[in-house]
Amino acid sequence: MATDDYLADPQELAVWLGKPADDPKLLNALRAATRRFRGAVGHRVTLVADDVVTLDGTGRESMLLPVWPTTAVARVVLDGQELAEGTDYSWSEAGMLRRLGCARWPDRLRCLTVTYSHGWAEVPEDIQEAVIDQARSMDTVVPGLQSKTVGAQSVTFGAQAAIGVTDQWSKAVARHKVRTSGDA
């Protein structure tokens, strides 16, 4: 169970690290991994109500809202005129905003203002896994360190520690990043 402060459950990370869930270093690693993920995707990921965005027209019948899933579209204003849902436009959970009646969005910059709610009430598992994996690395690996020897024991950290992210992280970021009109 993730909270708004974290994109993954501290208790789950605690099990991986063998530490109490309220360990300050564990919580700092989870907070840092959460911030890093949010920064990489360009939005909070968790549910945001009534976000107002100004968008460029695409010249097409359909356009993507920047963040999905879309949970509600409260208002669409085109060149200062409010449009009516079901008459002028429709929308989908995938963040598609479509003109109705064979109309197209104008091909002009900053002509559209949309008030919509988006994000996840429960953080998707792929995000939770990527954040936990990143937090585990942050808790365990010293930045820039590739191997460590103490007495007769030696530990070599994998490529993930050297480059900073896993393939799992990259795929989760690509899936959940802010979209642009060119992504449609």
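**Exercise 1. Burial and surface**

Work out what share of the chain's residues is buried in this predicted model, and what its accessible surface comes to.

*Solution.* Start with burial: of the 184 residues in the chain, 41% are buried. Then turn to the surface: the accessible area is about 10200 Å². Carbon and sulfur atoms hold 51% of that area.

**Exercise 2. The overall layout**

Count the helices and strands, write down the order in which they come along the sequence, and find what share of the contacts with a separation of 6 or more links residues 24 or more positions apart.

*Solution.* First, the count: you should get 5 helices and 9 strands. Next, read along the sequence, and the pattern comes out as α-α-β-β-β-β-β-β-β-α-β-β-α-α. Last, take the contacts with a separation of 6 or more: 73% of them join residues 24 or more positions apart.

**Exercise 3. How α1 packs on α2**

Describe the packing of helix α1 against helix α2, and say which residues make the contact.

*Solution.* Two numbers get you going, because a packed helix pair is described by the angle between the axes and the distance between them. Here α1 covers residues 10–17 and α2 covers residues 24–41; their axes lie 10 Å apart, at an angle of about 120°. An angle of 65 to 115 degrees would be roughly perpendicular and one over 145 roughly antiparallel, so α1 and α2 are oblique to each other. As for handedness, α1 passes α2 in a right-handed crossing. Now the contact itself: α1 supplies P10, L13, A14 and L17, while α2 supplies L26, L27 and L30. Sort these by class and you find 7 nonpolar residues, with no polar and no charged ones.

**Exercise 4. A look at D139**

Place D139 in its helix, decide whether D139 is buried or exposed, and list what D139 touches beyond four places in sequence.

*Solution.* D139 sits in helix α3, which runs over residues 125–140. Its relative accessibility is 8%, and the cut-off for buried is under 20%, so D139 counts as buried. Skip residues up to four places away, and D139 touches L17, K19, K25, L26 and A29. Two of these names should ring a bell: L17 of α1 and L26 of α2 also take part in the α1–α2 contact.

**Exercise 5. L112 and its surroundings**

Do the same for L112: find its strand, its burial class and its contacts.

*Solution.* L112 belongs to strand β7, residues 112–118. With 1% relative accessibility, L112 is classed as buried. Leaving out neighbours within four places, L112 contacts V53, T54, L55, M63, V76, V77, L78, L97 and W105. Pick L55 for a closer check: L55 and L112 are 57 residues apart along the chain, yet their C-alpha atoms are separated by 5.1 Å.

Notes: Residues are numbered from 1 along each chain as its sequence is written. This is a predicted model: local features need pLDDT of at least 70, side-chain atom pairs count only at pLDDT 80 or more; totals for chains, interfaces and linings use all residues. Side-chain values use heavy atoms; hydrogens and water are left out. Axes are lines fitted to C-alpha atoms, for helices over the stretch in contact, and angles run from 0 to 180 degrees between N-to-C directions. Helices (H or I, at least four residues) and strands (E, at least two) are DSSP runs, numbered from the N terminus. Angles under 35 degrees count as roughly parallel, over 145 as roughly antiparallel, 65 to 115 as roughly perpendicular and the rest as oblique. A crossing is left-handed if the near helix is turned anticlockwise from the far one by less than a right angle, and right-handed if clockwise. Contact means heavy atoms within 4.5 Å. Ala, Val, Leu, Ile, Met, Phe, Trp, Tyr, Cys and Pro count as nonpolar, Asp, Glu, Lys and Arg as charged, and the others, Gly among them, as polar. Buried means under 20% relative accessible area, exposed over 50%, partly exposed in between (1.4 Å probe, protein chains only). Accessible areas come from the Shrake-Rupley method with a 1.4 Å probe; for residues, only the protein chains shown count as cover.
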